[in-house]
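Biologist: Thanks for sitting down with me. Could you take me through this one, a few side chains at a time?

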Amino acid sequence: MTTPYAGGRRRIDRVLDPGFVAGLADLELADLRTRRREAEQEEADLSYLRRLLHGRIDIVTAELRHRDPVAAEAAVAEHLADVLADDQRSTRGLGRHLSVEPSRVDEHRRAAEAVVADPLISDVTHRSDAELQSALARLRRHERDVSTNRHAVQTVVDALSAELTRRYRDGSASVDTLLSGQRPPSG
């Protein structure tokens, strides 16, 4: 799991350390941008992991519905519509456009598979209802943890972005300087 640890060496540990956003007004513009890029990358990675987990949750949920005698009578197309409808997830998220791609795809895939051994997910038809319910519970717990961390990282990105916006608004940073690659005047 991506549980952040105080003083840890991973990116999530750094980004969620309170010192990461302490004293933002005193940071050099380049350092502020670097921190925001780092936080945005962590958000992209957590979002990717979350999507992987949602896919596995959908697979197990669809199999459990398929086994339900009442649901078994429903049309196959209706089951597909349920899986794709995504109606159990909140649509009130931040709806962020991420400008970076996930950087640790293999690591996140392995993390998701470690929650529930891959054969359990890839061969759901040969698992008992109890095994699938257990797998579903573990996947949902993991997804909640990832979502909590993702929200915390989004808060960090927002703080960093707000400081950048403030600097552009008050003139201590300029778009011309950004485009030319020069350092803004100090003072």
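Modeller: Happy to, and keep in mind that this is a predicted model. Let's begin with R10, which has a relative accessible area of 33% and is therefore partly exposed.

Biologist: Which residue does the side chain of R10 meet in a salt bridge?

Modeller: The contact runs from N to O over 2.8 Å. The partner is buried, with a relative accessible area of 5%. The residue that meets R10 in this salt bridge is D13.

Biologist: And R14, how far apart are the closest N and O atoms in the salt bridge with E38?

Modeller: R14 counts as partly exposed, because its relative accessibility is 35%. Its salt bridge partner is E38. The closest N and O atoms of the two are 2.6 Å apart.

Biologist: How many residues apart in sequence are the parts that this pair ties together?

Modeller: R14 lies in helix α1, residues 11-15, and E38 in helix α2. The pair therefore ties together parts whose separation in sequence is 24 residues.

Biologist: Staying with helix α2, is L49 buried or exposed?

Modeller: L49 has its place in helix α2, which covers residues 29-67. The cut-off for burial is under 20% relative accessible area. L49 is at 0%, so it counts as buried.

Biologist: What separation do the C-alpha atoms of L49 and E143 have?

Modeller: Along the chain, L49 and E143 are 94 residues apart. In space, their C-alpha atoms are separated by 8.4 Å.

Biologist: Now to helix α7: how far apart are its end C-alpha atoms?

Modeller: Helix α7 takes in residues 129-170, 42 residues in total. At 1.5 Å a residue, it should span 62 Å. The model agrees with that, because the end C-alpha atoms are 60 Å apart.

Biologist: Which residue takes a positive phi just after α7?

Modeller: The phi there is about 90 degrees. The residue just after α7 with this positive value is G171.

Biologist: Within α7, by about how much of the helix are R167 and E163 separated?

Modeller: Their side chains meet in a salt bridge at 2.8 Å, N to O. R167 is buried at a relative accessible area of 6%, and E163 is buried at 9%. The two are 4 residues apart in helix α7, so they are separated by about one helical turn.

Biologist: Which residues are linked with them in a network of salt bridges?

Modeller: The network includes E163 and R167. Linked with these two are R166 and D170.

Biologist: Last one: how many salt bridges does the count come to?

Modeller: The ones we met include D13 with R10 and E38 with R14. The count for the model comes to 11.

Conventions
Residues are numbered from 1 along each chain as its sequence is written. This is a predicted model: local features need pLDDT of at least 70, side-chain atom pairs count only at pLDDT 80 or more; totals for chains, interfaces and linings use all residues. Side-chain values use heavy atoms; hydrogens and water are left out. Buried means under 20% relative accessible area, exposed over 50%, partly exposed in between (1.4 Å probe, protein chains only). The expected span of a helix is 1.5 Å times one less than its number of residues. A salt bridge is a side-chain nitrogen of Lys or Arg within 4 Å of a carboxyl oxygen of Asp or Glu.
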